[in-house]
Amino acid sequence: MEFTEKKVDAIKFTLFSPEAVRKMSVIKVTVPDTYNEDGYPIDGGLMDQRMGVIDPGLRCKTCGGTVHTCPGHFGHIDLVRPVLHSEFSRVIAVVLKITCASCSRTLVKKGATNTLDELLSEEQLLAQMKKTKKCPHCQAKQEDIRYEKPTTIMEGKRSLLPIEIRERLTKIPDDDLKMIGMDPESARPEWMVLTALPIPPVQMRPSIILDTGDRSEDDITHKLVDIIRINQRLDANLNAGAPQLIIEDLWELLQYHITTYFNNESANVPPARHRSGRPLKTLTQRLKGKEGRFRYNLSGKRVNFSSRTVVSPDPNMSINEVGIPLTIAEELTVPIYVTPWNIEECKALMRKTEYPKVVYVTGKDGRRRKLMDKTVEELITVLDVGWIVERQLQDGDPVIFNRQPSLHRASMMCHRTKVLPGRTFRLHVAVCPPYNADFDGDEMNLHVLQTYEARAEAEELMLVERQILSPRHGAAIIQPNEDHVSGAYLLTRKGEKFTKDEASRFLGAAGIYEMPEPDKSGMYTGKKIFSMLLPKDFSIEYKTRLCREVSDCTKEKCPYDGYVIIKNGVLEHGAMEKKGYSGTILEKLFNDYGPETARAFIDQSTKMAVYSVTHFGFSVGIENYHLDKKTADVIDGLRDKAVKEVEGLIVKYKGKTLSRSPGKTLKETLEEQIMMVLSHSRDSTGTILKDYFGQDNTSIVMANIGSRGSILNVIQMSAFLGQQAVRSKRIRRGYKGRVLPHFKSMDVGAYAKGFVGSSFMKGLTPSEYFFHAAGGRESLVNTAIRTARSGYMQRRLINALQDLYVDYDRSVRDSDGNLVQIRYGGDMKDPMRAKKV
Amino acid sequence: MVKKLIDSGEAVGIVAAQSLGEPGTQMTMRTFHYAGVAEQVPTGLPRLIELVDARREPAQPLTDIYLIPRYVKDKKKNEEVAIALEHVSLSDVCTVTENFVRKELRIKVDLKFAQSKGITVKNIISMLRLQLDKIGKIKSKRDQILLHVDTTYAKLRKITLKVKAVSLKGVKGLNRATVVHSEKTGEYFIRAGGFNMHDVKKVDDLDYGRLYSNNVREIEKHFGIEAARNAMLKEIKQVMDLQGLLVDVRHLMLISDAMCARGSVEPVGRHGLSGRKSSVLARAAFEETVKHLVNASIEGQEDPLNGVTENIIIGQTVKLGTGKVRLVMR
């Protein structure tokens with residue numbers, strides 16, 4: 001294959017001059033129609049074959065190319081009367097305003113350059129010129145020029161005809177144009193008044209054939225038909241010497257059609273409509289907005305070698321892997337570049353008839369040949385160095401895996417493939433957080449890398465194990481989760497001992513086939529087993545979540561497993577919980593031993609933990625939340641006391657003896673205090689429940705070790721739900737003086753304003769249920785609004801900062817080389833690596 | 001140290017933007033109570049958007065005033081200053097009624113309330129004289145002031161508004177000044193709603209160097225761009241901390257620095273950083289597509305294709321990260 005590598009250095013934007021339009025045009029379009037009765041493009045019509053072809057089998061009359069090779073060619077229309085370009089009309093008005101009506105010089109005194117004494121900003125200069133009433137060059141009086149949307153320019157009380165405008169603009173000298181910031185080489189102002197209109201190639205406005213066999217033309221073509229038709233009528237009337245009034249009407253109509261051709265949403269112009277009443281999508285609409293050319297097709301491109309399906313969990317894989325259905329692996333291909341060293345392997349691969357086989361070979365001519373039973377042998381004989389063999393996806397190929405919305409770089413990571421039966425992508429549960437994936441029907445995308453460079457780069461930079469730490473804060477985002485934490489805790493907590501048989505099962509689950517030293521009784525402690533996952537020289541000490549912050553910390557003697565000591569790879573004291581297992585230990589492993597070690601730790605420990613959690617059995621049920629009569633009474637008493645207290649506050653409020661907190665009204669003070677009393681009473685049930693349920697209640701265990709849920713969840717199930725709020729206030733909307741008809745008017749007591757005294761176990765009363773729903777609804781609405789708002793904020797941030805990079809001197813610069821920071825972050829450190837350890 | 005260095009070529013801007021944007025979905029929309037300020041101060045996403053937009057005036061502006069070291073631990077002195085600072089306008093302590101027939105304004109003073117603010121009827125009259133030019137006769141008895149105005153009805157209305165706006169004491173723009181005690185340092189400071197540094201500066205005994213407002217634009221105006229950058233950093237950091245979201249300061253610093261890099265605080269968005277990019281294509285791809293294309297063609301602008309969007313558009317390697325490196329053959 002031959003490479004001609006060209007690079008675009010820069011793109012310059014200019015206006016078309018009428019001459020340029022005619023010069024590049026291959027045809028002057030004169031017929032306001034597209035196809036004749038036979039369905040053949042009309043010569044000189046809008047679908048003329050000289051402007052390119054869209055029907056397969058036809059050849060372009062200009063370049064001889066087919067649908068695939070002809071890029072299309074522009075045609076043009078000569079407008080019989082000039083017309084303003086609507087998008088430039090405002091600029092035209094400004095130019096007229098600052099140039100003389102009779103001599104077309106800019107309204108600035110000769111030699112009056114910007115001296116230091118009167119250094120004027122561009123805006124000031126412009127304003128001054130607009131105000132000048134008398135031309136400094138020819139002394140002609142300047143009439144006031146006004147711009148009216150969309151395309152009218154008034155001089156005094158008279159509207160200027162495009163012909164006059166064009167004449168004036170033509171006369172402006174080049175030097176004067178340079179002074180007002182226009183580049184006469186690329187944009188003469190008279191070019192903004194159109195005399196020749198370029199007709200875009202057919203490829204840009206292909207007609208579609210409906211099921212009925214009828215052709216349906218593109219909106220742009222429709223608009224062009226209108227323009228040509230009016231242009232012709234205007235021409236006919238001019239030649240026939242029609243009255244001025246009719247001419248002007250038609251002229252005006254031509255202006256309208258051209259305005260809507262460029263922009264069908266311009267202000268003060270009724271949009272041109274399709275027969276069905278749908279507004280036409282013309283040029284501006286094609287470019288603009290989220291579905292426009294820029295954002296939809298240019299900034300975002302569709303790709304091949306990708307696939308998408310539902311994801312499901314697989315805790316038995318490595319976090320670096322992704323499970324791929326066989327059907328997908330058969331479809332996606334990886335190119336192998338044939339070299340003298342691998343040509344035999346390639347040939348062997350081509351002979352295969354089953355799964356990992358070759359699908360295509362591409363010759364040096366760039367032609368791609370499909371491998372078929374008949375052609376295999378022939379292709380094998382011609383296969384040569386420099387050819388490309390495309391084989392099916394195999395285990396271990398690096399691919400990029402992605403879930404939208406792609407909010408950060410860990411939303412696209414490199415995984416190694418693992419072909420599996422089934423129809424879903426399989427994903428290790430520990431990599432769910434960075435993708436924000438769950439398995440309730442989420443779909444994800446997969447991209448197969450097509451060059452060795454891309455593969456190398458993806459594996460070096462994007463591999464999952466390299467993303468264990470988030471660049472956002474340097475803490476782990478790929479980490480053991482939920483059941484992993486529970487399992488690790490159950491295994492390592494105080495007093496767990498196993499027989500050799502049991503211990504080997506734990507280790508075997510993690511893929512470890514060595515045994516630690518047993519203790520004197522020949523048993524193996526959970527801590528010992530867990531220690532096998534750690535490097536032999538790993539040492540660390542930290543406080544866990546189980547730490548009770550007692551004043552006389554006994555460290556290694558902590559009765560709650562609250563203090564972890566790991567010495568030389570042996571967990572001597574303390575139990576695993578979220579903070580240490582998924583945080584401290586993992587991060588230290590990553591920082592001190594590198595991504596591979598951290599990955600291996602996650603891979604092995606999660607498998608061991610899953611085995612552990614199944615070994616012990618770990619579940620929640622209704623018993624977890626059932627209270628005995630005595631405790632229920634205590635909690636009800638606590639709740640009723642709080643409600644009483646609220647009533648007391650209300651009495652105080654009514655008797656005006658409540659002391660006002662500074663800066664608040666009495667009413668606000670009352671509300672604030674009620675909220676405080678009620679939320680305090682709910683929180684205080686937490687300790688009671690913890691004591692009652694004890695450390696063996698799975699729900700409490702999960703809350704304590706941080707694997708799932710919080711004590712609040714337990715409270716709401718067993719004790720009571722507490723105060724419901726809308727806009728962080730007690731619920732007050734509804735009827736006059738009360739929220740629901742269940743209450744007396746003007747009742748401000750706890751229950752009347754959204755306090756829920758029942759638990760999920762007991763069940764809610766109808767009014768409580770309503771309050772709960774009101775609070776729940778607010779959070780749903782908030783979530784919906786928040787995603788939209790934060791999405792736009794992130795788009796703006798990304799757009800503003802995307803060009804910033806760290807230069808070789810560790811300064812931060814933008815794409816123009818402007819300095820943003822002299823040293824990145826003040827210390828030149830990478831946030832991902834800078835964390836104190 | 002070397003191991004911890006940032007890689008050159010790293011697209012730190014994108015990482016910073018993602019680090020701030022990604023947790024955006026986890027932020028609350030709720031407001032938050034500041035010690036001493038009655039109104040709710042926005043935090044979370046609304047406040048973050050407000051900061052990134054570099055609004056001229058935040059939804060809930062605040063000014064923190066520290067007194068000179070001698071008084072900084074003096075609660076009483078702080079309270080005195082706070083009361084003096086708090087702005088009271090005539091309409092705060094009085095109700096004004098118009099009498100169109102007698103062409104007169106009746107100003108009724110809430111004596112009790114006025115007293116609590118340290119204002120007397122005499123004060124009010126003198127302030128009226130001072131702040132209104134061309135004023136008619138003023139009569140007063142106990143809690144009433146009668147102001148005679150000899151004009152047309154329409155003008156009377158205007159005068160009423162002016163009378164209501166007469167400021168009786170304090171610094172204009174500052175309301176509800178309260179003294180806040182800092183547990184950490186044991187110091188007292190005054191936290192006032194609103195901002196008006198120009199006038200606050202003149203207050204006696206204040207520690208000018210510690211004057212602070214959550215209005216970044218106000219800081220920029222009075223202390224310059226470097227201070228504004230620090231204020232922006234501090235405010236963004238505060239939002240993230242209050243939400244309990246961990247974000248490395250380096251990201252926040254970069255965003256603050258980028259916003260202030262051109263010498264004034266510029267918003268993130270089409271009127272600021274994105275709108276002033278040199279690349280035509282990048283601007284067109286962001287917002288206001290046609291406007292940018294039209295202007296570019298008139299001025300004959302050239303896009304040097306150095307940024308990210310431009311190169312994606314034309315299908316070339318982006319000059320960031322591994323795309324930054326080039327080989328030169330000798």
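This note comments on a predicted model of two chains, A and B.

1. Basis of the model. Residues are numbered from 1 along each chain as its sequence is written, while chains are lettered from A and ligands numbered from 1 in the order in which they are written. Because the model is predicted, local features need pLDDT of at least 70 and side-chain atom pairs count only at pLDDT 80 or more, whereas totals for chains, interfaces and linings use all residues.

2. Confidence. The model scores ipTM 0.88 and pTM 0.88. The mean pLDDT of chain B (the predictor's confidence in each residue, from 0 to 100) is 84, and 95% of the residues score at least 70. Within chain B, strand S1 (residues 31-33) has the lowest confidence, with a mean of 57, and H11(B) the highest, at 94. Where pLDDT is low, the predicted coordinates should not be read in detail.

3. Domains. Bounds here come from an automatic or database domain assignment. Chain A is divided into domain 1 (82-112 + 120-196), domain 2 (306-467), domain 3 (482-616), domain 4 (622-780) and domain 5 (803-837). The C-alpha centres of domain 1 and domain 4 of chain A are 72 Å apart. Chain B comprises domain 1 (2-61 + 214-260), domain 2 (63-86 + 173-210), domain 3 (88-169) and domain 4 (280-323). In chain B, the C-alpha centres of domain 2 and domain 4 are separated by 49 Å.

4. The interface. The contact (C-beta atoms, placed from the backbone, within 7 Å) involves 78 residues from chain B and 76 residues from chain A. Among the elements of chain B that each supply at least two residues to the side touching chain A are helix H1 (12-21), helix H13 (289-299) and strand S13 (302-303); helices (H or I, at least four residues) and strands (E, at least two) are DSSP runs, numbered from the N terminus. H1(B) gives the largest share of that side, ten residues. By residue class, the side of chain B consists of 41 nonpolar, 23 polar and 14 charged residues. In this scheme Ala, Val, Leu, Ile, Met, Phe, Trp, Tyr, Cys and Pro count as nonpolar, Asp, Glu, Lys and Arg as charged, and the others, Gly among them, as polar.

5. Pairing between chains. Strand S1 (residues 11-12) of chain A and S13(B) run antiparallel and are joined by two bridges; strands pair if DSSP finds at least two bridges between them. Ile11(A) has Asp303(B) as its bridge partner in S13(B).

6. A sheet in chain A. Four strands form an open sheet in the order S11-S14-S12-S13, with antiparallel pairing. Strands S11 (333-337) and S13 (368-370) of chain A are at the edges, each with a single partner strand, so one side of each is left without a neighbour in the sheet. Strand S12 (residues 358-362) of chain A is linked to S13(A) by three bridges, with Thr362(A) partnered by Arg368(A).

7. Helix packing in chain A. The axes of helices H16 (residues 500-509) and H19 (residues 595-616) of chain A come within 7 Å and cross at roughly 135°. Axes are lines fitted to C-alpha atoms, for helices over the stretch in contact, and angles run from 0 to 180 degrees between N-to-C directions. H16(A) is therefore oblique to H19(A), since angles under 35 degrees count as roughly parallel, over 145 as roughly antiparallel, 65 to 115 as roughly perpendicular and the rest as oblique. Arg505(A), Phe506(A) and Ala509(A) in H16(A) meet Lys607(A), Met608(A), Tyr611(A) and Ser612(A) in H19(A).
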